[in-house]
Amino acid sequence: NTSYAKNLIGAFHQPRLVLTDPLILQSLGDRDIASGLGEAIKVAIIDGPDLFAFLESRSEEIFLRDATVLTHLIHRASEIKLRLVEEDPYEINLRRVLNLGHTLGHPLETRFEYLHLRHGEAVALGTAVAACIAHRRGILATGDFQRICALLKKLRLLRAPRPIPAADVVSDLRYVRIIRGGNLNFVLPTGIGRVEIVRDLPDEELLGGFAELDRLIEVGP
């Protein structure tokens, strides 16, 4: 991570083992739990209704650190992500859908100096903007849009510590475009379990999505 952009420097190496102990989550505060849920919601929107409905119905147990609920959630979310990464390790096609929420989430993290906005919080806000844009385009039904926003709010993710500098975030995408060879792919939800990859979006449409987000989020510490 640099002051210009997130994930600007580095290399990928696939792990030999991923070990998860849900009991460690007992040591985390609610905000860190919510941050992790930002990634879980993203995966649920990509994969389909089952995990999404699970998050809708079990939010109280999640924040109570119920080990059985957390184990199921982590296992299912990891399983979905692992399948996509294994099928497309170099992000040629399928794996790109995992960028839902990240294309805008990363510059959000940069603008909040990697300190005031956690990664999952930024991904959740990026996902919300993507949903706003898809809804404004007419490719995401109002009912699904409302469910996505309601779940983000229920899991304490429709909030920001201070007003979002939308124009600066959109401007910062120029660094990501350089990394991506001049083009950006945006992942837009078209339903619970359906997404569409769109080849770049005009700044006006991105700013319109952020304007819609402003009407949805709470701002403050």
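Let's start in the loop between α3, residues 59–63, and α4, because that is where Arg65 sits, and Arg65 counts as buried, with a relative accessible area of 11%. Keep in mind, everyone, that this is a predicted model. What caught my eye about Arg65 is the backbone: its phi is positive, near 65 degrees, and the residue is not a glycine.

There is another residue like that to show you. Tyr114 is not a glycine either, and its phi is positive, about 60 degrees. You'll find Tyr114 in the loop between α5, residues 102–111, and α6. So is Tyr114 buried or partly exposed? At 26% relative accessibility it counts as partly exposed, since the buried class ends at 20%.

Now follow the chain from that loop into α6. This helix covers residues 119–137, which makes 19 residues. How far apart should its ends be? At 1.5 Å a residue, the expected span is 27 Å, and the end C-alpha atoms are indeed 27 Å apart, so the two agree. As for its surroundings, 15 of the 19 residues of α6 are buried, so the helix is largely enclosed by the rest of the structure. Just after α6 comes Gly138, and here the positive phi, near 85 degrees, belongs to a glycine.

Let me stay with the start of α6 for a moment, but look at it from α1. Ser35 lies in α1, residues 30–47, and at 10% relative accessibility it is under the 20% cut-off, so we call it buried. Which residues does Ser35 touch, leaving aside neighbours within four places in sequence? They are Arg118, His119, Gly120, Glu121 and Leu157.

Last stop, please: a helix pair. The axes of α2, residues 49–57, and α4, residues 67–87, come within 11 Å of each other and cross at roughly 150 degrees. Angles over 145 degrees count as roughly antiparallel, and therefore that is how we describe α2 and α4. Their crossing is left-handed.

If you'd like to zoom in on the contact, α2 brings Leu51, Phe54 and Leu55, and these meet Val69, His72, Leu73, Arg76, Ala77 and Ile80 of α4. By type, the residues of this contact divide into 7 nonpolar, 1 polar and 1 charged.

That's my tour, friends. If you open the model yourselves, try going back to Arg65 in the loop between α3 and α4, and then to the α2 and α4 crossing. Thanks for listening!

Methods:
Residues numbered from 1 in each chain as written. Predicted model: local features only at pLDDT ≥ 70, side-chain atom pairs only at ≥ 80, totals over all residues. Heavy atoms only, no water. Helix = DSSP H or I, 4+ residues; strand = E, 2+ residues; numbered from the N terminus. Expected span 1.5 Å × (residues − 1). Buried < 20%, exposed > 50% of the residue type's maximum accessible area, 1.4 Å probe, protein only. Axes fitted to C-alpha atoms, helices over the stretch in contact; angles between N-to-C directions. Parallel < 35°, antiparallel > 145°, perpendicular 65-115°, else oblique. Left-handed = near helix turned anticlockwise from the far one by under 90°. Contact = heavy atoms within 4.5 Å. Nonpolar A, V, L, I, M, F, W, Y, C, P; charged D, E, K, R; others polar.
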